[in-house]
Amino acid sequence: MNLRALAITLTGTMALSANAWAVEEQEENHPIASAQTLVVDSSVMDIDAVLGEIGSSRVDDLDFFTFYGNAGDVVTLDIDGGYGGSQNVDTIIAVFDADQTVLRMNDDSPVDDGSISTADARVDNFVLPTTGYYTVGVSNFPRYFKNGGDIYYASYVANGDYRLVISGVSPSMMQVSIEVKPGNQVFSPINPKSRGKVPVAILSSDSFDALGVDISTLTFGATGDEDSLSHCGKNGEDVNDDGMLDLVCHFYNKKAEFNYESMEATLRGRTQMGTVFEGRGFLKVVPAKR
Ligand SMILES: [Ca+2]
Ligand SMILES: [Ca+2]
Ligand SMILES: [Ca+2]
Ligand SMILES: [Ca+2]
């Protein structure tokens with residue numbers, strides 16, 4: 001069993017716990033546009049959640065979770081303990097693409113290791129057709145999902161707690177563009193031994209807003225994991241003249257741990273929405289003498 005877990009972050013509330021074993025649901029994760037973002041940093045995501053409230057049979061609730069996956073990933077979406085937890089709930093599960101179209105849906109499935117009843121839903125071997133965002137919806141019988149995240153049959157039987165186990169999503173990072181020493185500094189090589197700071201521009205694009213970066217998560221250097229941040233500019237600036245504001249951050253040169261063979265720098269971080277990203281840039285290191 002490899003149930004290493006994931007961190008979930010909601011806008012503005014960083015709750016980094018990359019080594020936690022399970023992630024707690026964060027309400028409100030409905031309707032579908034308000035889905036909770038899951039950070040994929042392990043091949044198994046393990047989420048503890050509740051439909052409605054324990055101790056109450058009729059509290060209207062739907063749960064949505066979004067993750068970023070790669071084309072070809074073979075993903076299993078497994079409800080455990082819907083029956084058998086604090087309060088039995090007969091779950092339904094669906095997975096939507098980025099256009100909120102239902103791609104797969106299941107109500108009841110054969111009993112597996114984490115389930116004591118066929119009422120626990122399960123989608124097996126869902127092959128991601130494209131790289132991008134997918135949303136998992138969890139509902140209670142008989143509220144089957146429609147496209148758009150709405151449901152058929154508003155009345156339902158019961159609420160209860162469950163565990164959602166999503167496996168098979170390959171941990172991956174959104175790739176973004178960075179520029180080390182941006183601007184007209186073509187001949188301004190980095191000297192690994194010098195003190196001082198290295199400016200790095202994180203470039204915005206149609207699909208990435210650099211100003212939405214959670215600055216506290218930024219790491220930069222020879223491997224990308226170096227804790228080297230000094231500070232970022234308060235306001236964005238358009239360093240590459242494409243009309244979009246970019247974020248310029250400054251990193252301590254020595255903490256970045258470059259050496260004379262370093263030719264590439266890596267920056268990693270998360271957005272305030274929880275998306276993990278990475279950027280690589282050419283490094284103009286002073287070449288070693290031969
Ligand atoms: Ca819920
Ligand atoms: Ca909910
Ligand atoms: Ca199960
Ligand atoms: Ca069911």
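Which two residues form a disulfide, and how far apart are their sulfur atoms? The pair is Cys-232 and Cys-249, with 2.1 Å between the sulfurs. Please keep in mind as we go along that this is a predicted model.

Let us stay with that bond for a moment. A search through the whole structure turns up one disulfide. The bond ties together distant parts of the chain: Cys-232 belongs to strand β14 (residues 229–232), while Cys-249 lies in strand β15 (residues 247–252), and the two cysteines are 17 residues apart. If you look along the S-S bond of Cys-232 and Cys-249, its torsion is about 100°, so this disulfide is right-handed. What about exposure to the surroundings? Cys-249 has a relative accessibility of 0% and counts as buried. Cys-232 comes out at 11%, and because buried means under 20%, Cys-232 is buried as well.

Now move over to the calcium ion (ligand 4). Its coordination comes from Asp-90 (OD), Thr-91 (O), Asp-107 (O), Asp-107 (OD), Asp-108 (OD) and Ala-119 (O), at 2.2 to 2.5 Å. Notice that Asp-107 appears twice, through its O and its OD. Along the sequence, the donor residues of this calcium ion follow the spacing D-T-x15-D-D-x10-A.

How are the six donor atoms of the calcium ion (ligand 4) arranged, going by their angles? The angles run from 69 to 178°, and the site is irregular. One of the donor residues, Thr-91, is buried, with a relative accessible area of 0%.

Notes:
Residues numbered from 1 in each chain as written. Chains lettered and ligands numbered in written order. Predicted model: local features only at pLDDT ≥ 70, side-chain atom pairs only at ≥ 80, totals over all residues. Heavy atoms only, no water. Donors = N, O, S within 2.8 Å, 3.2 Å for Na, K, Ca; no water. Tetrahedral: all angles 85-135°; square planar, octahedral: opposite > 155°, others 65-115°. Buried < 20%, exposed > 50% of the residue type's maximum accessible area, 1.4 Å probe, protein only. Disulfide = S-S within 2.5 Å. Helix = DSSP H or I, 4+ residues; strand = E, 2+ residues; numbered from the N terminus.
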